[in-house]
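Colleague: I'd like a close look at one part of this predicted model. Could you walk me through a loop, then a few other spots that go with it?

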Amino acid sequence: WVFGNKVVKVDSNDVMTAIGTLNTSTGRCWLACTDYHLIVVDGADGFYYDGTTFAVLGGGFPASPTHVIATGFYFLVNNSGTGDIYQSNFAPNLAAVPTTWAVTVYANAEARPDFLPAIWATNREVWLLGEYTTEIYYNAGAQLTSTTSEFVFLPMNGGVIDWGIEAKYSITAHGSSMFWVGRQEGGTGQIVMTKGFAVDPISTPDIDYQLSQMTAIDDAFSFTYLQAGHAFVVFTFPTGDKTFVYDITTGTWHERKSYGMGRHRAAGHCYFNNFHYVGDFSNPSLYTWDLKTYTDNGDEIERIRRAPILHKKNLLIQHDSLIVEMQGGVGLTADERTVATGTAYSYSAGTISGLTFTSPYEIGGVLEDDEFTDDSTGGSATVSVVGSATLTASSGATGMDGGAFTVKRATPPMMMI
């Protein structure tokens, strides 16, 4: 994972260790690895890691690398703002470090004179995703030595597709299919999926319209994961503050959001050690994505279900009754309901002030109707108003002595119709 400017590895015991430092701390990064080596690019530099050494790549390494892929023991890197793709030396073992990047060992996506925002490797093929077209290359070289003086990948006959990529970090894949936010010469703003060498839009007219209303969609990113028998591809649009999720298994769409946001906070995903991990875009936190956890790190998960429109030739329909079937939830445990803790406070005439929160909690995490409890006495109050530095409690507050405290989210009632 990359947190800020730190590249971090996580072992099977969930122990995180920083293995290197980047020269940048903002923007997205791209990683690719073989059995022996890892390369990280951040738009300005490239770095390699062999299990011991973490170092910047120099020599003929491109100046603006945004994407790196590994295939056939070669690494390939694009150079943003150009149509070029560069190739490393052949690195089939740990001793053959992929640090040789010659300025003459490259290719140019020549089907159209457009730039090359992204590259991807799938089924031993290399996809070069340009602004308006995509070209497919294959490995045509003999892998005999640890160095090479020629670019060993060649364009595939008929491997030119009239779909480009609008958001360079939106490219992802599940199985043999790839997904990205695509565009053509006639317009932009559709999410597409590959089937073999065919590229087809999968976004609905409603999603296409929402994308057209955003001020920018080129900052979108995506990832895929498989859980409970369903494969999902998640597209987040930071500027548009939206997250759209495509269920590949059923071919249906839904939206996701984190509490208080328009988008979901997950910024990336990996499956490791039998756990789904996601990173938080707003802070250096790593979470497990678990269907048996009913909050987002303590925040409520908002769920909205909309029924389809029912009509009869545009005439009014009268219904005598409505039955809603639902499966009851399990509720939240005390730990899951905790939103803040602290060591001291003052209480007088319904006002709670002078709060000393324990890290990482603060008053901004407390909401109206939360339960404020004194840990030593058990005295409690219901929060009615949250101020910038104080809380207003209900008049029924009793047994408050100003010691350690806990604030828990009130258990919402279940509504039945």
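Between which two strands does the loop with Asn123 lie?

Modeller: Asn123 sits in the loop between strand S12 (118–122) and strand S13 (125–129). Keep in mind that this is a predicted model. What stands out there is the backbone: phi of Asn123 is near 50 degrees, a positive value in a residue other than glycine. As for its surroundings, Asn123 counts as exposed because its relative accessibility is 53%, and the cut-off for that class is over 50%.

Asp241 makes a good companion. Here too phi is positive, at about 55 degrees, although Asp241 is not a glycine. Its place is the loop between strand S22 (230–237) and strand S23 (242–247). With a relative accessible area of 34%, Asp241 is therefore partly exposed.

Another loop to check is the one between strand S29 (351–357) and strand S30 (371–374), where you'll find Pro360. The peptide bond joining Ser359 and Pro360 is cis, with omega about 5 degrees.

Then there's Tyr36, in the loop between S4 and S5. Tyr36 is partly exposed, at 33% relative accessibility, and forms a nonpolar surface patch with Phe73 and Leu94, about 250 Å² of accessible area together. The strands on either side of that loop belong to an open four-stranded sheet, S4-S5-S6-S7, with antiparallel pairing. Strand S4 (30–33) and strand S7 (54–56) are its edges, each pairing on one side only, and the twist averages 20 degrees from one strand to the next. Inside the sheet, S5 (residues 38–41) and S6 (residues 46–49) pair over four bridges, with Ile39 opposite Tyr48 in S6.

Conventions: Residues numbered from 1 in each chain as written. Predicted model: local features only at pLDDT ≥ 70, side-chain atom pairs only at ≥ 80, totals over all residues. Heavy atoms only, no water. Pairing = 2+ DSSP bridges. Axes fitted to C-alpha atoms, helices over the stretch in contact; angles between N-to-C directions. Patch = residues over 30% accessible without salt bridge, like charges linked within 9 Å, V, L, I, M, F, W, Y side chains within 5 Å. Areas by Shrake-Rupley, 256 points an atom, 1.4 Å probe, with all protein chains shown as cover. Salt bridge = Lys/Arg side-chain N within 4 Å of Asp/Glu carboxyl O. Buried < 20%, exposed > 50% of the residue type's maximum accessible area, 1.4 Å probe, protein only.
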